[in-house]
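Here's a quick walk through the pockets and sheets of one protein. Have the viewer open and follow along.

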Amino acid sequence: METTTDHLPAPGAPAVPSRKRADLLRFAAVLGGLLLLNFIGQRLFVRLDLTEEKRYTMAPATKKLLSDLKEPVTITVYLTGDFPPAFRRLEQGVRETLNEFKVYGGANLNYIFIDPSAGSTEANRNKFYQTLFKKGLKPTNLGATENGKRVEKIIFPWAVVSVGGKEKNVLLLRGSQTASPDVRLNQSIEGLEYELASTIRNLVPGRRKRIGVVQGHGELSNAEAGDILGAWQQQYDVYRVTLSQVPDLRALDAIVVAQPKSPYSEEEKFKLDQFITQGGRALFFVDALRVDLDSVSRNGAALATPYNLNLDDLFFKYGLRLNQNLVLDLNSGQIPLVTGMEGNKPKIEPMPWQLYPLVNKFSAHPITRNLDAVYLKFAGNLDTVKAVGVRKTALMTTSRYTRVLPAPVPINFNDARLEPNPKLYQNGFQPVGYLLEGQFKSLFANRTRPGTMQYQPEKNAQAKPSKILVIADGDFIRSEIDKKTGRPLRLGFDRLANTEFANRELVLNATDYLLDDTGLIAVRGKQITLRPLDKVRLAEERRRWQLLNLGAPLLLLGLFGALRAWRRKRRFASFAS
């Protein structure tokens, strides 16, 4: 019998480690490597956003806000449930945004999702709905097209942010109502970071900026501007200011001039000028022409004549001219008119009124990006003039079908009964709102201060860059008054159309832009490109792509298994030989 010793170790040779021991060493090495990577990852924070538009990258202002949180913030989101895919995009966008918030907010930021329709019985669901209604959370019926079919879903697109016992509701479904459902959902996703971050900022304790609302020249009363005043007071300290009774405006951060009707004195204008050229912010809502609706109602007609506000030279110095005219737009609101009798009662119907323009053409500026339409009444247009060092942005313009009438302009309600002639509306887009930014030159440079012999030098050591918003409509921040309660309705709400326009949102965005030094408002400029599929090809090739998605992974898995089996067989065959 022949014995072979080819595979026996030579005397004195080191022992070969067993296969089991080698596997244990390999496992220990992999585990040690993972622990080392985890240790490094905890101390070296790195996040990579590979999307083209950087949709998962938080703005520096948002990161700082969340990193500096001193007390817990809880965000309760009611936008969840059994949604069609189009609506799940918005829900997923909220989750992704809050996940990013959690990274920078840490233990001080928590969020939960609650399905309002998750009640076990219809009675429980209705009871929960009533609870949400009382909080001011109104449902939305949003439509979308899924697989060629129209789908509608009642959702609660709201979140509630709680900080230190204070709460504030956040509407998550924004965007223009005239846009398609897909575009509006995309606009809402673009605005999520700003809506949530700005709400947190408003609730976190801090130094409140001061806004002075100028009075003494027939400006809007507290009742007429009640809604926007209340909205400002949630974030700022708001004061009524009479220019003739204060030495200057240095204690304020911004001023508001809302539909004055009588002229400013030179001394008052000087105080406005010095405040703005020294870095103060200003919001002007001014009319160029006086329109007396009471006179129109009594006499059937009236003339709109120019105001003398004594502010034209101030605007001109800053690079803007408020023209003495009115713009008429075929894209307009309505007024109620008597069109006949129903028995003994007059029949009242809404009629288009071209002197009430509806504006939905905006610039891409953060103040107006993705904004819904705004409502104007008896607005004029604006022109720019040369002003060195001042950047001018036309925030909003009328539609292409606009007519401009110079003063004096006849006003007659009966004109609303007539069919407008489109050939007369050929003046094109007319700017009605401007943002001015830069270093403004003083109107009183190289002149004496009004009422004194004090000389104002051309160069002011206290001069600082500033920002001004000018809208050529004094009614822009006027709220309608509820006749039953005497309280102002929400700014932008039109009872006749039962629609809320975006006047309130624009004014709050503009105030935020003018006063926010952190740059958080710039987040509203975030853009996420909508990349829709080709619906024709999708319908034609649906089955092919479904089979590919199902079959390709199985085929790859089968090939991988066959390859692995072949390699094992070959390996053990070599050992056997």
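By class, how many nonpolar, polar and charged residues does the lining of the largest pocket have? It has 17 nonpolar, 17 polar and 12 charged ones. Keep in mind that this is a predicted model.

## The largest pocket

Now for the pocket itself. Its volume comes out at about 1600 Å³, and 46 residues line it. If you want to find the centre, look for Trp 158, Leu 171, Arg 174, Arg 490 and Glu 500, which lie nearest to it.

Several elements give two or more residues to this lining. The strands are β3 (140-146), β6 (166-171) and β28 (499-500), and the helices are α5 (181-190), α6 (192-203), α7 (226-233) and α11 (503-515).

## The second largest pocket

Next comes the second largest pocket, with a volume of about 1100 Å³. It is lined by 34 residues, and Leu 293, Tyr 356, Lys 377, Arg 478 and Glu 480 lie nearest its centre. Two or more lining residues come from each of β11 (289-290), α9 (293-299), β15 (332-342) and β27 (493-494). Of these, β15 gives the most, with 4 residues.

What does this lining have by class? Here you get 16 nonpolar, 5 polar and 13 charged residues.

## The sheet of 8 strands

Time to look at the strands. One open sheet has 8 of them, in the order β8-β7-β9-β10-β26-β23-β20-β17, and the pairing is mixed. At the edges sit β8 (237-242) and β17 (361-362), each pairing on one side only. Strand β7 (residues 210-215) runs parallel to β8, with 6 bridges between the two, and Arg 210 stands opposite Asp 237 in β8.

Two helices that help line the largest pocket, α7 and α11, turn up again here. Helix α7 packs on the sheet and touches β7, β8 and β9 (254-258), with its direction at about 125° to that of β8. Helix α11 packs on the sheet too, touching β7, β9, β10 (281-285), β17, β20 (390-397), β23 (431-438) and β26 (466-471). The direction of α11 makes about 155° with that of β10.

## The sheet of 3 strands

Another open sheet has 3 strands in the order β15-β16-β18, with antiparallel pairing. Which strands are at its edges? They are β15 and β18 (374-375), and each pairs on one side only. You've met β15 already, as the element that gives the most to the lining of the second largest pocket.

Strand β16 (residues 345-359) and β18 are joined by 2 bridges and run antiparallel. To spot the pairing on screen, find Val 359, which stands opposite Val 374 in β18.

Key:
Residues numbered from 1 in each chain as written. Predicted model: local features only at pLDDT ≥ 70, side-chain atom pairs only at ≥ 80, totals over all residues. Heavy atoms only, no water. 1 Å grid on protein atoms, 1.4 Å probe; cavity = no way out; pocket = protein on both sides within 12 Å on 5 of 7 lines; lining within 4 Å. Points joined across faces, edges and corners; volume = space filled by probe spheres on them. Nonpolar A, V, L, I, M, F, W, Y, C, P; charged D, E, K, R; others polar. Pairing = 2+ DSSP bridges. Contact = heavy atoms within 4.5 Å. Axes fitted to C-alpha atoms, helices over the stretch in contact; angles between N-to-C directions.
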